[in-house]
Amino acid sequence: MAMYIESVPNRHSPPAVLLRESYREAGKVRKRTLANLSCLSAEVIEGLKVLLRGGVAVPSAESVFTVERSLPHGHVAAVLGAARGSGSSGWFAAAPQELQPLLQAMLVARVLEPASKLATHRMLQEDTATSSLGRVLGVGQCSADDLYRALDWLHDAQGGIERRLARQHLVDSTLVLYDLTSTWLTGRCCELAARGHSRDGKRDDPQIVFGLVCTAEGCPISVQVFKGNTADPATVAAQVAKLKAHFGIERIAWVGDRGMLTSARIAQVLKPEGMDWVSSLRAPQIAQLAAEHGPFQPSLFDERNLLELASQHFPGERLVVCRNPLLAEERARQRLELLAATEADLSRIAAATQRTRNPLRGEQAIALRVGRVIARFHMAKHLALTITDTSLAWARRIDAIAAEAALDGLYVIRTSLPQDQLDAPAAVAAYKSLAQVERAFRSLKTVDLKVRPVFHYSEQRVRAHVFLCMLAYYVEWHMRRRLTPMLFDDEYLDEASARRASPVVKAVRSEQAKAKDATRRADDGLPLHSFRTLLKDLATLTYNITHTALNPEAKITLTTRPTPIQTKAFTLLGLNPACTQ
């Protein structure tokens, strides 16, 4: 026998809900009605159905579980898991036990919500938390002073952590990328603050300068902070000493731009230390090379857009001359526009010298106004000026313009590496990979991690702050590589670059990436994201603190069920959002 509940249609009236029993008689299944349950509520009827199926009927979920707090959690689980997968537990293993979760919290918070340490402290506190980070790491009761103590420990541990990263990434590497940037400071109390060449156009504020060492793929390894008035080449010696003395790397090739790895720096620092280099020549050196080897005709670059040669002025080096036709067209266009703009302003000055009322007079007065125009457009080398007390005249220097135009689109890569270690196309590709460092600077300074504004004044905390930002970018770099199928990033860029006829040619997005751009969806049909918007989507997976009516003191944590996008993200990262302890 078996009892069950059946709903029987009742013409124009509500259906009749009957409790029935089924049984066998003479080999046939028969049933009989035991009770009419139509008068009971739907909730009670559903409970009876559960009981009849062998289950346990409970009151409604609202009366069983009370949700005390619901916090954004998915983005915390993703970044914290990625940080641990990148080795952060090992980085902080030597710290005092109470500081280790604080260091993890500051690292993850820098990726999620970059802010001052005081704002990070408020974000972690249980009463003011804006994410589950403080609860997951058990630092919801920490003080702001605890964060500063953790930051001070990080400053002292920087060398050891960087050595760990160098052993992991540079043991089998040939190239390292190095570049420098600056960021401004407010206030006048920081020992590192000084006025220097600002890469951000903030000439009115003091600044600091920091150099970033990356692998050939753009993975950050080391960062060093300098005074704000330190010139680019002056930082090279410190970085070479760090790699050789502290990291134990005897020989490696430095990739830096022509303003960083100058001829003087190569002769004074890299050569004596036995280091190799990949850099480029300045415009006067290119002109000297062209005069030595004769004019570089465009027909020389028809097949590969590059040619390799040697010069007595650069002994022991290989020179790779590259020509980019698109760059040549752009420079020719810019030159004509600048000449036209300069002549337009000069025409106004000439008209001022000839006007009837209050004409501009005096050779010095005219020259001052002309100087401002020339300094603005930098066209003095292409114009022959004639200034008198009463007039201004000019003419284009045709020979100078033609000489410069002959070098349009040309740039020369210089390297000390032999052909068997780095051929000409690979040398060009290595130099162009400096764009990876520029991308790191964009993430550090503006897009993601926001190293500025700097809220610290003491030298060691400024250095620790910049180092913390570098570690956060290290975590983000690895996350981006794993999450590429969900992002607008081109996951087939390396394959597309390998198919290019020459590394001089501008890189183009792969067909798969173009399809991403057109459809805004991945191959599985799910929407694509930027890194920031994906973190926001992950944050909708919440961390819920609940209790039951039977035992209000026992807290039960529940996470919501991931959406398809969240499931895909955690699968790519190899993480379970419910396991964050």
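These are my notebook entries on a predicted model of a single chain.

**Entry 1. Overall dimensions**

I began with the chain as a whole and looked up its secondary structure, which comprises 21 helices and 16 strands. I then compared the radius of gyration with the rule for a globule. The chain has 34 Å, whereas a compact globule of 581 residues would have a value near 25 Å. Along the principal axes, the C-alpha atoms fill a box of roughly 120 × 65 × 60 Å.

**Entry 2. Burial, surface and charge**

I looked up burial next and found that 46% of the 581 residues are buried. The accessible surface of the chain is about 29,400 Å², and carbon and sulfur atoms account for 53% of that surface. For contacts between residues at least 6 apart in sequence, I noted that 64% join residues at least 24 apart. I also recorded the charged side chains, which are 73 positive and 60 negative. The centres of these two sets lie 4 Å apart.

**Entry 3. Helix α5**

I examined helix α5, residues 100-112, and asked what its 13 residues should span at 1.5 Å a residue. The expected span is 18 Å, and the end C-alpha atoms are 19 Å apart, which agrees. I then checked how many residues of α5 are buried. The count is 12 of the 13, so the helix is largely enclosed by the rest of the structure. Among the buried residues are Gln100, Gln104 and Arg110, along with Leu102, Leu103, Met106 and Val108.

**Entry 4. Thr342 and Pro220**

I placed Thr342 in helix α12, which covers residues 325-354. Thr342 has a relative accessible area of 0% and is therefore buried, the cut-off being under 20%. Beyond its neighbours within four places in sequence, Thr342 is in contact with Val373, Ile374, Phe377, Met379 and Leu383.

I turned to Pro220, which lies in strand β7, residues 220-227. Pro220 is buried too, with a relative accessible area of 0%. Leaving aside neighbours within four places in sequence, I listed its contacts as Leu165, Leu212, Val213, Cys214, Met470, Tyr473 and Tyr474. I also looked up the separation of Pro220 from Met379, a residue that Thr342 contacts. Pro220 and Met379 are 159 residues apart along the chain, and their C-alpha atoms are separated by 40 Å.

**Entry 5. Asp408**

I located Asp408 in the loop between α14 (398-405) and β14 (410-415). Is Asp408 buried or exposed? Its relative accessibility is 8%, so Asp408 counts as buried under the 20% cut-off. Its contacts, not counting neighbours within four places in sequence, are Arg323, Ala328, Arg331, Ala332 and Arg335.

**Entry 6. Val8**

I found Val8 in strand β1, residues 2-10. Val8 counts as partly exposed, at 24% relative accessibility. With residues up to four places away in sequence set aside, Val8 touches Pro15, Ala16, Leu18 and Arg20. For Leu18, I noted a C-alpha to C-alpha distance of 7.5 Å from Val8, with their positions 10 residues apart in sequence counted as separation.

**Entry 7. Backbone geometry**

I looked up residues other than glycine with a positive phi and recorded Ala26 and Asn358. Ala26 has a phi of about 55°, and its place is the loop between β2 (13-25) and β3 (28-36). Ala26 is exposed, with a relative accessible area of 78%. Asn358 has a phi near 50° and sits in the loop between α12 and α13 (363-377). Asn358 is exposed, at a relative accessible area of 61%.

I then checked the peptide bond from Arg452 to Pro453, which is cis, with omega near -5°. Pro453 belongs to the loop between α16 (435-447) and α17 (459-483).

**Entry 8. Arg561**

My last residue was Arg561, in the loop between β16 (556-559) and α21 (564-573). Arg561 has a relative accessible area of 78% and is therefore exposed, the cut-off being over 50%. I also noted that Arg561 and Leu541, 20 residues apart in sequence, are 7.3 Å apart in space, C-alpha to C-alpha.

Methods: Residues are numbered from 1 along each chain as its sequence is written. This is a predicted model: local features need pLDDT of at least 70, side-chain atom pairs count only at pLDDT 80 or more; totals for chains, interfaces and linings use all residues. Side-chain values use heavy atoms; hydrogens and water are left out. Helices (H or I, at least four residues) and strands (E, at least two) are DSSP runs, numbered from the N terminus. The radius of gyration is taken over C-alpha atoms; the globule rule is 2.2 Å times the number of residues to the power 0.38. Buried means under 20% relative accessible area, exposed over 50%, partly exposed in between (1.4 Å probe, protein chains only). Contact means heavy atoms within 4.5 Å. Accessible areas come from the Shrake-Rupley method with a 1.4 Å probe; for residues, only the protein chains shown count as cover. Lys and Arg count as positive and Asp and Glu as negative; His and the chain ends are not counted. The place of a charge is taken as NZ of Lys, CZ of Arg, CG of Asp or CD of Glu. The expected span of a helix is 1.5 Å times one less than its number of residues.
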